[in-house]
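Consider the structure shown below. The paragraphs that follow move from its charged side chains to its overall build and then to individual residues.

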Amino acid sequence: MRKEPYPMRVINLCRHKNAGWEGVIYLDGSGEVMVTDGAGIWTLMPQRLRSLEFVETVDVR
């Protein structure tokens with residue numbers, strides 16, 4: 001059975017300060033703030049937030 005996509009509510013765009021990956025901070029379907037780099041998805045905990053910087057654009061390819 002195929003899952004239907006839900007609208008992603010984008011909060012901000014980011015870049016990891018050390019690793020350099022770019023990502024999207026968003027609100028998931030259950031209202032939790034998450035971050036994704038397109039390969040992984042993580043809960044946005046305070047420790048992770050400190051490792052990110054907000055940016056104007058990202059390459060989401």
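The charges offer a convenient starting point. The protein carries 8 positive and 8 negative side chains, and the centres of these two sets are 3 Å apart. The model under discussion is a predicted one. In general, side chains of opposite charge can pair when their charged atoms come close. In this structure there are two salt bridges, and both will be examined after a short survey of the fold.

The protein is built from one helix and five strands. Read from the N terminus, these elements follow the order β-β-β-β-α-β. The C-alpha trace extends over about 40 × 25 × 20 Å along its principal axes. The protein has 61 residues, and 25% of them count as buried. Its exposed surface amounts to about 4900 Å², of which carbon and sulfur atoms supply 52%. One further value concerns the way in which the chain meets itself. Among the contacts with a separation of 6 or more, 33% join residues 24 or more positions apart.

Which residues are linked in a network of salt bridges? They are Arg15, Glu22 and Glu53. The side chain of Arg15 meets that of Glu22 in a salt bridge, with a distance of 3.0 Å from N to O. The side chain of Arg15 also meets that of Glu53, here with an N to O distance of 3.8 Å. This second pair links distant parts of the chain, since Arg15 belongs to strand E1 (residues 9-16) and Glu53 to strand E5 (residues 52-55), 38 residues apart.

Are the members of this network buried or exposed, or do they fall in between? Glu22 has a relative accessibility of 24% and therefore counts as partly exposed. Arg15 has a relative accessible area of 27%, so Arg15 is partly exposed. Glu53, at 34% relative accessibility, is likewise counted as partly exposed. The limits behind these labels are 20% and 50%: a residue under the lower value is buried, and a residue over the upper value is exposed.

Asp28 offers another case of a charged side chain. Asp28 lies in the loop between strand E2 (22-27) and strand E3 (33-36). Asp28 is buried yet has no salt bridge. How far away is the nearest side chain of opposite charge? That side chain belongs to Arg9, and it is 11 Å away. A salt bridge requires a nitrogen and an oxygen within 4 Å of each other. The side chain of Asp28 does, however, reach backbone nitrogens: that of Ser30 at 3.0 Å and that of Glu32 at 2.8 Å.

The final residue to consider is Asn12, which is found in strand E1. Asn12 is partly exposed, because its relative accessible area is 26%. What does Asn12 touch, when residues up to four places away in sequence are not counted? Asn12 touches Val24, Ile25, Phe54 and Val55. A separate distance relates Asn12 to Thr43: their C-alpha atoms are separated by 14 Å, and the two residues are 31 residues apart along the chain.

Note on methods. Residues numbered from 1 in each chain as written. Predicted model: local features only at pLDDT ≥ 70, side-chain atom pairs only at ≥ 80, totals over all residues. Heavy atoms only, no water. Helix = DSSP H or I, 4+ residues; strand = E, 2+ residues; numbered from the N terminus. Buried < 20%, exposed > 50% of the residue type's maximum accessible area, 1.4 Å probe, protein only. Contact = heavy atoms within 4.5 Å. Areas by Shrake-Rupley, 256 points an atom, 1.4 Å probe, with all protein chains shown as cover. Lys, Arg positive; Asp, Glu negative; His and termini not counted. Charge placed at Lys NZ, Arg CZ, Asp CG, Glu CD. Polar contact = N/O pair within 3.5 Å; in protein donor to acceptor, adjacent residues only side chain to side chain.
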